[in-house]
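Here are a few exercises to work through with the model open beside you. Try each task before you read its solution.

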Amino acid sequence: MASPAAAPPSASRKGLAALAVAVALLPLALPNNYTYDVAILVGLNAIVCVGLNLLIGYAGQISLGHAGFFGLGAYGSAILAARYGWPSLAALCASIGAVALLAWAIGRPILRLKGHALAMATLGLGIIVSVVLATEDRYTGGPDGMSVPPLSIAGYAVTGEHTWYWIVGALLVATVWLAQNLIDSPRGRAWRALHGSEVAAGAIGIDPARHKLSAFVFSAALAAAAGALAAHYSGFITPAKASFMHSIELVTMVVFGGMASSLGAVVGAAVLTTLPQLLTVFKEYEMVLLGAVLMLTMIFMPQGLVPTLEKALAAARGKSR
Amino acid sequence: MSAQLVQFLLSGLTVGAIYALVALGFCIIYNASHIINFAQGEFVMIGGMAAAAFVDTGLPLPLAALAAVGGATLVGLALEKLAVEPARGAPVVTLIIITIGASILLRGLAALVWDKKIHSLPAFSGETPLAIGGATLLPQTLWVLGTTVLTVGLLWWFFNRTLTGKAILAVSHNRLAAQLMGISVRRVLLVSFGLSAALGALAGVLIAPISFTSWDVGVMLGLKGFAAAILGGMGSGPGAIAGGLVLGLVEALGAGYLSSAYKDVFAFVIILAALVFLPDGLAGRRAAERV
């Protein structure tokens, strides 16, 4: 696989500006609380996907277990706040920190693996996490899930779809900005070098283990943050959020939107989060249609949605000139 | 040996044989194309569900089983022809997402064509248990083990004694060199998808009388088969069989002696330990990366 070419910084800044404008203007097109709810879910998934894209699209390491980190972040914050009476903001931060530490400890041995072996290891981790969450019902409430106290910042409880929309929207823009800066930094260049060839990267003085680990920990922390926010937002969490299917959904969003494109990760999350909501009108045909859309897109746009459209746009511009 | 231990070993071997068949399916497709086929578990589901549906329409069991395996093989061929071949040249990760899409599609179709209820298949030769060392042995267990041994023998013959089998091996060793020798890589891919689908469906038909079947059994069975294939060193046939049996035994002993709630976890704990300490699998070889 060729290593991803970096978009010039000006282009990625344009993408970031477009995203900020889209987040600011979207409420004009959202008629009711249900659509706000879907938009918030899109934002939370997009935060996970932007992080996961750094790992998969830039550093070239697959993970089929990121829903495990999402679930751990959610349950960590929920258990600290609900069972031990922590202030919810402190619980949220502690949970994210703990997941990052865990990812660091686990990442060290398993990131030596490559390709399908790494896919298997991350998949196994995710499944272990989801089974533990479903089984240890004294803490987690078991398969039925548990309720989570609302987030409170400086004594004010954060409730309502509108407030949450602006919080998640601002966090998403900040995440993409952070990711773009990382990609354009020496660390990002090291990730891309690893993607091209680990041996060659090592030969020019890039420590593969250290840089793979940093991408893994960063993406796990973002997943945990989104998980904890999702738990406090919806006030309820079940182990399904940590399941293998959710991990697969996250990777699918990244690849569907286009690997090695932060904007692609956001678009992938937006399309694949809203699509099932739209397809519910087809009731029993929902799964069949979802599978078919996924297959057809990947067959006809193997590079993903955003890179394919960008290329088509550039070609159209070239012709008109 | 206590009767309880014998019982756990027997059930472990039975499940292990099923995992081995699924793992062989993963290996065959992986060797031919480097694709991890996440729809492999759905072939197992189709095998069991189709056999149960055919029996319900009044078809005799052997014919129903044959028709189910045949039907799943057609689905496998169609998957290669309609989805994998048009996308050839795409990154491997894209191909993997296509197989994930296919597994969602097939699961959705199964829920539509059949239903979301749990189905069972009659045992092949009665339910009267046999007693072995104080443990009870269902006749179906013998069917599972016997058919698996026979299938492995047939596969060995196919890969070592037939031209098509040798062509698949050649492509798995070096795709370009095989092509230059006049082997049609496209046909090899098609055959390997059909063969994998047939193996998966066979596993589904064999296990359905013991553990029931439904539209969503494919997910876990597929993942366990994948784990077995990795444990054996992805791509190695004997490794896949050993990996399947080891996983089945670990799972049965773990569920029996430690905790049945964590039954599904043991396989993955073993696989993580194996990957960290034996990164190339039970039968794997170390390969160097070329720049």
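**Exercise 1. Place A:Gln61 in its chain, then decide whether it is buried or exposed.**

Step 1: A:Gln61 sits in the loop that links helix H2 (33–58) to helix H3 (66–83) of chain A; helices are DSSP runs of H or I with at least four residues, strands are runs of E with at least two, and both are numbered from the N terminus. Before going further, note that this is a predicted model, where local features need pLDDT of at least 70, side-chain atom pairs count only at pLDDT 80 or more, and totals for chains, interfaces and linings use all residues. Residues are numbered from 1 along each chain as its sequence is written, while chains are lettered from A and ligands numbered from 1 in the order in which they are written.

Step 2: Count neighbours. A:Gln61 is buried, because 26 other C-beta atoms lie within 10 Å (20 or more means buried, 12 or fewer exposed, in between partly exposed, with C-beta atoms placed from the backbone).

Step 3: List the contacts (C-beta atoms, placed from the backbone, within 7 Å). Beyond the neighbours within four places in sequence, A:Gln61 touches A:Leu55, A:Ile56, A:Leu111, A:Leu118, A:Lys212, A:Ala215 and A:Phe216. As for A:Leu113, 52 residues away along the chain, its C-alpha atom is 9.4 Å from that of A:Gln61.

**Exercise 2. Check the length of H4(A) and find what covers its buried residues.**

Step 1: The expected span is 1.5 Å times one less than the number of residues. For the 23 residues of H4(A) that gives 33 Å, and the end C-alpha atoms are 32 Å apart, so the two agree.

Step 2: Pick out the buried positions, among them A:Ser88, A:Leu92, A:Ser95, A:Ile96, A:Val99 and A:Ala103.

Step 3: Look for the cover. It includes H3, H5, strand S2 (152–153) and helix H10 (208–234) of chain A, plus helix H11 (263–277) of chain B.

Step 4: Now cross over to A:Ala224. Its contacts, leaving aside neighbours within four places in sequence, include A:Ser95, A:Ile96 and A:Val99, along with A:Phe69 and A:Phe70. A:Ala224 is also one of the residues with the most contacts inside the largest nonpolar core, which has 208 residues (such a core is a set of buried Ala, Val, Leu, Ile, Met, Phe, Trp, Tyr and Cys residues joined through C-beta atoms within 7 Å).

**Exercise 3. Describe the side of chain A that touches chain B.**

Step 1: Start with the totals: 35 residues of chain A are in contact with 38 of chain B.

Step 2: Find the elements giving two or more residues: helices H4 (88–110), H5 (115–135), H9 (198–203), H11 (244–257) and H13 (286–300) of chain A. H5(A) has the largest share, 11 residues.

Step 3: Sort by class. You get 26 nonpolar, 6 polar and 3 charged residues (Ala, Val, Leu, Ile, Met, Phe, Trp, Tyr, Cys and Pro are nonpolar, Asp, Glu, Lys and Arg charged, the others, Gly among them, polar).

**Exercise 4. Test chain A against the globule rule.**

Step 1: The rule is 2.2 Å times the number of residues to the power 0.38, with the radius of gyration taken over C-alpha atoms.

Step 2: For 321 residues a compact globule would come out near 20 Å, and chain A has 19 Å, which agrees.

Step 3: Add the burial: 52% of the 321 residues in chain A are buried.

Conventions
Contact = placed C-beta atoms within 7 Å.
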